[in-house]
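Please find below my notes on this model, set out as numbered points. They begin with a single loop position and then turn to the nonpolar cores and two helix pairs.

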Amino acid sequence: MDTLPVELLRLVFSHCDPISVRNLREVTRILADVGYEYLLSSRFTAVSWRNDIDRLHSIALHERLRGSITSICIFLGELSYYDAWSTSWFQHFVTPPDRRNETMGSAKQEFDRIERGRKTVGPLHLRADDLREACSALPNLKDLEVTFTQCPLENDLLKEVFDYPNCRKLDRPQTYSNLDAIIFALHGIPLSSFKVDRLPLEVFRLPGHRTHWFTHAQAFDSLDTLNLTLDPSGLQGPTSAFRAVNGLGRILRLAKQLHKLKLAFHPYSSESSKFALSFRELLFDFNFEHLTDLTLEGVSCEEEDLKDFLARHGATLVRLRLGGRGLAKPFEVSLGGMHLYEGTFKSLFTGLRTKLPRLERLHLEGIFECEHHDLPSHEAYNFYPLTNEDWVDVPCPTWVRSSRNTINCLPFEHYVLFGGPYPGNALAQRDY
């Protein structure tokens with residue numbers, strides 16, 4: 001193989017799994033040299049119970065390896081032991097006792113190992129300087145994800161219970177500091193995408209953390225994609241919520257080049273509720289001039305406020321998703337819909353027909369409901385998903401059944417895109 005052109009050798013390596021790459025590099029010196037850049041995956045995953053920040057730091061300082069990393073995923077999620085234990089016991093209630101004890105015993109051993117590792121390694125914010133030095137030394141770093149919900153564990157039972165929102169715990173003060181460390185590490189880095197799937201909304205209310213984000217979130221200026229799932233459970237009262245939304249809006253306005261934006265609200269203290277949001281208070285008159293893809297989930301708002309916000313992006317908006325899975329358990333209907341405390345969905349969708357001329361796709365998921373249950377104009381729908389967030393078709397969920405009155409959004413998409421009679425009159429339910 002030494003006689004083959006380097007381009008063909010690289011093509012061979014590009015089709016090899018990590019073990020095959022290591023084996024192939026041991027054949028000859030030329031293969032060892034060409035295969036160097038394929039030793040590492042382009043995506044680096046760091047978990048809180050291993051010394052992954054040390055490993056990332058070593059890679060970043062290595063002259064040949066540091067160019068391999070293009071994206072980083074930092075997992076900060078934790079399981080609540082007693083909630084996880086009771087949930088798993090309930091899930092395996094009908095399993096034969098010997099098998100159940102073996103399965104749960106193995107999961108407990110894995111859980112204990114992880115907790116020991118977490119205590120040994122310590123919280124992420126204690127390694128803030130190392131993380132910043134590592135990120136600054138990665139020339140091709142473009143994507144960063146912080147996840148609290150996407151479980152990287154190999155134990156099947158721990159994976160199962162992690163899908164239940166009540167089994168996840170969050171040390172909020174430590175999370176503030178960890179997220180501060182990540183934002184600090186990204187200062188000056190031209191990122192393309194940034195994602196957090198459980199961001200405590202009150203971090204934008206607390207003066208010290210709020211100022212820290214304003215100072216170091218300049219990397220948002222280059223973002224093409226921003227995906228924020230916010231947890232408003234730590235907010236107490238309308239004044240607290242107003243200040244937090246104001247701070248969030250200031251961060252969003254830094255991301256002037258966005259093409260894709262997702263804003264989701266997952267209130268862990270009340271999993272089926274929606275977060276009251278004013279787009280006027282959030283962004284004032286600011287527009288994302290290049291926005292093509294927008295997802296809004298778990299929001300309670302005024303019809304005119306939402307319609308005005310969407311209309312301001314009508315010149316560029318191509319794909320719109322309203323609602324989502326929310327904090328539903330695996331067997332539940334999607335909870336992350338939309339709520340209108342003023343107005344109706346009929347008026348909203350009718351107005352969007354003329355205000356979004358470039359729109360090609362509309363997707364609705366979750367429970368959609370407007371206020372004023374006693375009026376004839378009241379609407380309530382329960383949508384199941386047809387596509388994922390990448391607009392790839394998904395099979396019909398197993399929790400869909402006629403008794404739950406779930407419907408898909410195709411008639412509403414057709415109405416917004418092409419007109420015709422409004423489908424809601426025949427499909428509306430009284431309430432959910």
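1. The model is a predicted one, and I would begin with Thr-406, which counts as buried because its relative accessibility is 13%, under the 20% that serves as the cut-off. Thr-406 lies in the loop that runs between strand E15 (380–383) and H15.

2. What surrounds Thr-406, once its neighbours within four places in sequence are left aside? The residues in contact with Thr-406 are then Val-333, Asn-382, Tyr-384, Trp-399, Val-400 and Arg-401. Phe-288, by comparison, is separated from Thr-406 by 118 residues in sequence, and the two C-alpha atoms are 34 Å apart in space.

3. The loop that holds Thr-406 leads on to H15, and the pairing of that helix deserves a point of its own. The axes of helix H14 (residues 345–355) and helix H15 (residues 410–418) come within 7 Å of each other and cross at roughly 40°, which means that H14 is oblique to H15. On the H14 side the contact is made by Phe-349, Thr-350, Leu-352 and Arg-353, which meet Phe-412, Tyr-415 and Val-416 in H15; sorted by class, this contact has five nonpolar, one polar and one charged residues.

4. Phe-349 also reaches beyond H15, for when residues up to four places away in sequence are not counted, Phe-349 touches Leu-322, Leu-362, Leu-364 and Tyr-422 as well as Phe-412, Tyr-415 and Val-416. Within the largest nonpolar core, which has 96 residues, Phe-194 and Phe-349 are the ones that touch the most other members. Helix H11 (residues 238–252) supplies the largest share of this core, namely six residues. A second core of 16 residues is separate from it, and includes Leu-79, Phe-111, Ile-114 and Leu-153. As general background, nonpolar side chains in soluble globular proteins tend to be buried together.

5. Phe-111, one of the residues of the second core, also takes part in the contact between H5 and H6. The axes of helix H5 (residues 81–91) and helix H6 (residues 97–121) come within 11 Å and cross at roughly 160°, so the two helices are roughly antiparallel to each other, and the crossing in which H5 passes H6 is right-handed. Tyr-81, Trp-85, Ser-88 and Trp-89 in H5 meet Arg-100, Met-104, Lys-108 and Phe-111 in H6, and by class this contact has five nonpolar, one polar and two charged residues.

Methods:
Residues numbered from 1 in each chain as written. Predicted model: local features only at pLDDT ≥ 70, side-chain atom pairs only at ≥ 80, totals over all residues. Heavy atoms only, no water. Core = buried A, V, L, I, M, F, W, Y, C linked by side-chain atoms within 4.5 Å. Buried < 20%, exposed > 50% of the residue type's maximum accessible area, 1.4 Å probe, protein only. Helix = DSSP H or I, 4+ residues; strand = E, 2+ residues; numbered from the N terminus. Contact = heavy atoms within 4.5 Å. Axes fitted to C-alpha atoms, helices over the stretch in contact; angles between N-to-C directions. Parallel < 35°, antiparallel > 145°, perpendicular 65-115°, else oblique. Nonpolar A, V, L, I, M, F, W, Y, C, P; charged D, E, K, R; others polar. Left-handed = near helix turned anticlockwise from the far one by under 90°.
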